[in-house]
Amino acid sequence: HNLSKDVFIESKNPNIIRMKKVGITWNDFFKTLPFKLTKDCLTTGTKETFCTTDKTQLKFYLNGVKTENLLELEIINGDRALITFGNDSQEQIQNQLQQVPTP
């Protein structure tokens, strides 16, 4: 869980990201994990790929708001991020957002 000296997942609570300096972006954090994430595709450590198509979308939400440029944004203490893939309805998305733990 601690693959970077600057940003890592808290060992006691893997729902919390810790940053040792300001200016860390979501992209900086995700680059420390064993998968690849872009605004259009997620590639898992086993090389399974989930990309936006006409039928399914990779979507990013920050603090309950759909945020296309999440990866470019600085992580702020208390932020709650959801990354979801599929063709979920707004009701399903709202249900997912409610399941994102509060730090």
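**Lys 39, Phe 60 and the surroundings**

Okay, let's start with one residue: leaving out neighbours within four places in sequence, Lys 39 is in contact with Leu 58, Phe 60 and Leu 71. By contact I mean heavy atoms within 4.5 Å. Before going on, this is a predicted model, where local features need pLDDT of at least 70 and side-chain atom pairs count only at pLDDT 80 or more, while totals for chains, interfaces and linings use all residues. Residues are numbered from 1 along each chain as its sequence is written, and side-chain values use heavy atoms, with hydrogens and water left out.

Back to Lys 39. You'll find Lys 39 in the loop between S3 and S4. Strands (E, at least two residues) and helices (H or I, at least four) are DSSP runs, numbered from the N terminus. Is Lys 39 buried or exposed? Its relative accessibility is 55%, so Lys 39 counts as exposed; the cut-offs are under 20% relative accessible area for buried, over 50% for exposed and partly exposed in between, with a 1.4 Å probe and protein chains only. Its side chain also makes a polar contact with the side chain of Asp 40, at 3.2 Å. That term means a pair of N or O atoms within 3.5 Å; within protein, one must be able to donate a hydrogen and the other to accept it, and residues adjacent in sequence count only if both atoms are side-chain atoms.

Now the strands around that loop. S3, S4 and S5 form an open sheet of three strands in the order S3-S4-S5, paired antiparallel. S3 (36–37) and S5 (49–51) are at the edges with a single partner strand each, so one side of each has no neighbour in the sheet. Pairing here takes at least two bridges found by DSSP, and two bridges join S3 to S4 (residues 41–43). Leu 37 has Leu 42 in S4 as its bridge partner.

Leu 37 turns up again in the largest nonpolar core, which has 15 residues; Leu 37 and Phe 60 are among those with the most contacts inside it. Such a core is a set of buried Ala, Val, Leu, Ile, Met, Phe, Trp, Tyr and Cys residues joined through side-chain atoms within 4.5 Å. S1 (7–9), helix H1 (26–30) and S6 (57–62) each supply at least two residues of this core. Apart from it lies another core, of five residues, including Tyr 61 and Ile 93. In soluble globular proteins, nonpolar side chains tend to be buried together.

How far apart are Lys 39 and Phe 60? They are 21 residues apart in sequence and 8.3 Å apart in space, C-alpha to C-alpha. Across from Phe 60, in S8, stands Ile 83. S6 and S8 pair antiparallel over six bridges.

Along S8 the side chains alternate: Leu 82, Thr 84 and Gly 86 point to one face and are buried, whereas Ala 81, Ile 83 and Phe 85 point to the other and are not. Let's stop at Thr 84, which is in strand S8. Thr 84 counts as buried because its relative accessibility is 7%. The Thr 84 side chain makes a polar contact with that of Gln 96, at 2.7 Å. Setting aside residues up to four places away in sequence, Thr 84 touches Gln 57, Leu 58, Lys 59, Tyr 61, Ile 93 and Gln 96. So you've met Leu 58 twice: Lys 39 is in contact with Leu 58 too.
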